[in-house]
Amino acid sequence: MKILGIETSCDETAAAVVENGTKIISNVVASSMTLHQKTGGIIPEVAAREQVRYIIPVIKEALLPATKIDALAVVVGPGLIGSLLVGVETAKTLAYLWRKPLIPINHLQAHLYANWLAPEKMEPEFPTLGLVVSGGHTELVLLKNHRQIKWLGGTRDDAAGECFDKCSRLLNLGYPGGPAIAAEAAKFKVQSSKVKLPRPMINKDDFDFSFSGLKTAVLNKVNQFKTKKQFTHSIIKQLAYEIQEAITDVLVEKTLRASQKYQVKSILLAGGVAANTRLREKMFSKLSILHSKLYIPAPRLCTDNAAYVASCAYFNFLPKPWQKIQANPSLEIEEMIK
Ligand code: KG4
Ligand code: ZN
């Protein structure tokens, strides 16, 4: 079965065709990133207008190599309302015109399905623990099977990606912050750090996260260094390194603890922050103490795209009449599976 996935929840406009939930036939992503780089972050109105321009050409390009699709899938939330509407209304129109089933998809749940996509040819075993770390979300979930998702914890304030993005702004490193901080951190020679930052909630015996305090700690350090006229390139490198260490330490610790508590057979990382090399290294370095198999998608499948949307639809084939499908900006990760 070939499914056309459509994803417009944030600033990307993406369409992909995936066969039987695992084989990518096409995967097209148009981004308005360069526009957002100028403003240092996403302006929802700008993102949605660009998506209106891109959506048809992107779908056309994704459909070129495919002979015939059997169904469509579209992300209905969570995300920016103006952006979601572009994908949802386009998908509804196409489903009506082509008389094909349309499957509404939860963006957060869908991120996890990057772990089912070829060429890696992976088949994670249940029960599995999912860590979804993106620009807007940090969620730990337990999946007993494709349909049963239990939310274990999440961020109480800023998401991990949001923390990278906001800290990057404080260090004048640009947008998106994750790759910018990672690149700066890689330049730092570890021995001589003058900077130490907190690891928020790392020792708390729950699966919640909090990253806004870390951002405030970075702001305070930046101000102190500026007052002492020491806000040099060398300090920026150290701060970038320590920010990345702090965020990844917390993510790894909580994920390991949850995997032990719930005795899962596999652990799935997903979302843009899962593209972070340091996070991947730290998770893989813990493999010897893990009783579960670790899955992390290729970096290009971690960030927003529509291939995981089509994959999620295959494994959760629950079409709805187009009249009943609506964008929902505040959809939660457990909500679709009813
Ligand atoms: O999943 P995603 O593409 O979009 C959302 O659903 O939000 O995630 C985007 C987030 C941004 O905050 C970005 O800074 C972060 O993922 N990100 C990274 C890396 N690549 C993207 N964070 C850390 N390291 C990276 N290499
Ligand atoms: Zn995302």
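How many bridges join strand 7 to strand 8, and which way do the two run? Strand 7, residues 138-143, is joined to strand 8 by five bridges, and the two run antiparallel. To find the pairing in the structure above, look for V141, whose bridge partner in strand 8 is W151. Please keep in mind as we go that this is a predicted model.

Those two strands belong to an open sheet of five strands, ordered 8-7-6-9-10, with mixed pairing. Its edges are strand 8 (149-154) and strand 10 (293-295), each of which pairs on one side only. From one strand to the next, the twist averages 20°.

Now let us turn to the other sheet. It is also open, with five strands in the order 3-2-1-4-5 and mixed pairing. Strand 3 (23-31) and strand 5 stand at its edges; each has a single partner strand, so one side of each is left without a neighbour in the sheet. Here the twist from one strand to the next averages 20°.

A good way into this sheet is to follow A73. Strand 1 (residues 2-7) runs parallel to strand 4, and four bridges join them; within this pairing, G5 stands opposite A73 in strand 4. Strand 4, residues 71-77, also pairs in the parallel sense with strand 5, over five bridges. In that pairing A73 stands opposite I103 in strand 5.

Is edge strand 5 buried or exposed? Five of the five residues of strand 5 (residues 102-106) are buried, so the strand is largely enclosed by the rest of the structure. In a regular strand the side chains alternate between the two faces of the sheet. You can check both faces of strand 5: L102, P104 and N106 are buried on one side, and I103 and I105 are buried on the other.

What packs on a sheet like this? Start again from the pairing of strand 1 with strand 4, which run parallel with four bridges between them. Helix 3 packs on the sheet and touches strand 1, strand 4 and strand 5, with its direction at about 155° to that of strand 4. Helix 11 packs on the sheet as well, touching strand 1, strand 2 (12-19), strand 3, strand 4 and strand 5; its direction makes about 130° with that of strand 1.

For a residue's view of this region, pick V309, which lies in helix 11 (residues 307-315). V309 has a relative accessible area of 0%, so it counts as buried. Beyond its neighbours within four places in sequence, V309 is in contact with G5, I6, E7, A73, V74, V75, I105 and A110.

Next come the helix pairs. Two packed helices are described by the angle between their axes and the distance between the axes. Helix 2 (residues 44-63) and helix 3 (residues 81-98) pack at about 35° with their axes 9 Å apart, and the crossing is right-handed. On the helix 2 side the contact includes A47, Q51, I55 and L63, and on the helix 3 side it includes G82, V86, T90 and W98. The residues of this contact divide into ten nonpolar, five polar and no charged.

Helix 5 (residues 160-170) and helix 6 (residues 177-185) come within 7 Å, axis to axis, and cross at roughly 60°. Their crossing is left-handed. F164, D165, C167 and S168 in helix 5 meet G177, G178, A180 and I181 in helix 6. This contact consists of four nonpolar residues, three polar and one charged.

Helix 8 (residues 233-262) offers another buried residue to inspect, S259. Its relative accessible area is 4%, so S259 is buried. Not counting residues up to four places away in sequence, S259 touches L129, V264, I267, L290 and S292.

Finally, which residues coordinate the zinc ion (ligand 2)? The donors are H107 (NE2), H111 (NE2) and D304 (OD), at 2.0 to 2.2 Å. Along the sequence they are spaced H-x3-H-x192-D. H111 in helix 4 (residues 107-111) and D304 in the loop between helix 10 (299-302) and helix 11 are 193 residues apart, so to speak of this pair is to speak of a link between distant parts of the chain. Both H111 and D304 are buried.

Technical notes. Residues numbered from 1 in each chain as written. Chains lettered and ligands numbered in written order. Predicted model: local features only at pLDDT ≥ 70, side-chain atom pairs only at ≥ 80, totals over all residues. Heavy atoms only, no water. Pairing = 2+ DSSP bridges. Axes fitted to C-alpha atoms, helices over the stretch in contact; angles between N-to-C directions. Left-handed = near helix turned anticlockwise from the far one by under 90°. Contact = heavy atoms within 4.5 Å. Nonpolar A, V, L, I, M, F, W, Y, C, P; charged D, E, K, R; others polar. Buried < 20%, exposed > 50% of the residue type's maximum accessible area, 1.4 Å probe, protein only. Donors = N, O, S within 2.8 Å, 3.2 Å for Na, K, Ca; no water.
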